[in-house]
Amino acid sequence: MTPIIGARIVHKEFPAITRHRLALYCGASGDHNPIHVDLDFARKAGFPDVFSHGMLVMAYLGQALTDAVPPPRLRMFSTRFVAITQLGARLTCEGHVSEFVEHDGERCAKLALTTKDENGDLKLTGEAVIAL
Amino acid sequence: MVDQSAVGREFTTVTARVEPGRLRFFLDTIGETNPLYRDETAAQAAGYSAAPVPPTYLFCLEMMDATIPFEFLTALNIDLARVLHGEQRFDYHAPVVIGDTLTFRPRVTGVSEKKGGAMTLVVIETSVTNQDGVQVADISRTVVIRNPRPS
């Protein structure tokens, strides 16, 4: 693997997020926070509707990442949840090689990651460190 | 309101087993079809002893097997309805595969105020070890608390 700085090596699009998907993720992830599945609870908390678990969005980004990079090479994966991901969002995950770094004595590439919705609105930014 | 006195606070250790059925439910939910996560032969060809977990699944294992759900919220007197996820980080040190039994040790490592007290950020770091005592990962989660306006 000889990546080039600036090369886009991660790119994947995901289907629209449905209420059903959020209910499944609630069960599959163990994150039972009602704000993601119970409209009454979400409204009482001041939101117009339920919204996606941040970690569902990060799971999609992780999937896009390990489609492109062999999982045994992944050393670090981090994200910042920039904005709430609404119901119906169709997400696109991307990653570009940003720099080469030494990570715990290993030569690695750092990737700059983003997840945007169908309007191009940024939902999540992140970084990954990949052993070369 | 959460303040600096919470820093250093430790929560109940969570023990979680990586079970194939629960993992398949997660893979199906996120639409993950990579054979590495589903097929032991493909996993072994990649150097694993069994199918590995996808990158964010450690977060789920800790939540699924916690004996006290959202313990950090109740322990710190935080209203679940006021919490958002701010940041998340995983540092991977060794593989985690189906059949492993993991121990999660969460603790508060930081509390800070944002936007003139409108928000409080709480950082919780969790070290993860496996059944052989190998440290497999470090997890860091930043939660954002939307504080009520002072009346």
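Helices (H or I, at least four residues) and strands (E, at least two) are DSSP runs, numbered from the N terminus. Residues are in contact if their C-beta atoms, placed from the backbone, lie within 7 Å. This is a predicted model, in which local features need pLDDT of at least 70, side-chain atom pairs count only at pLDDT 80 or more, and totals for chains, interfaces and linings use all residues. Residues are numbered from 1 along each chain as its sequence is written, while chains are lettered from A and ligands numbered from 1 in the order in which they are written.

Let's start with the sheet. Its 10 strands form an open, antiparallel arrangement in the order 1(A)-3(A)-4(A)-5(A)-2(A)-2(B)-5(B)-4(B)-3(B)-1(B), where strands pair if DSSP finds at least two bridges between them. The edges are strand 1 (8-13) of chain A and strand 1 (14-17) of chain B, each pairing on one side only.

Two of the antiparallel pairings look like this:

| Strand pair | Bridges | Partners |
|---|---|---|
| Strand 2 of chain A, strand 2 (residues 83-92) of chain B | five bridges | A:Met76 and B:Asp91 |
| Strand 3 (residues 101-114) and strand 4 (residues 119-129) of chain B | 11 bridges | B:Glu113 and B:Thr120 |

Now for the helices. Helix 3 of chain A lies across strands 1 to 5 of chain A together with strand 2 of chain B, at about 130 degrees to strand 1 of chain A. Here axes are lines fitted to C-alpha atoms, for helices over the stretch in contact, and angles run from 0 to 180 degrees between N-to-C directions.

Finally, the contact between the chains takes 33 residues from chain A and 28 residues from chain B. On the chain A side, helix 3 gives the most, with 10 residues.

Definitions and conventions
Contact = placed C-beta atoms within 7 Å.
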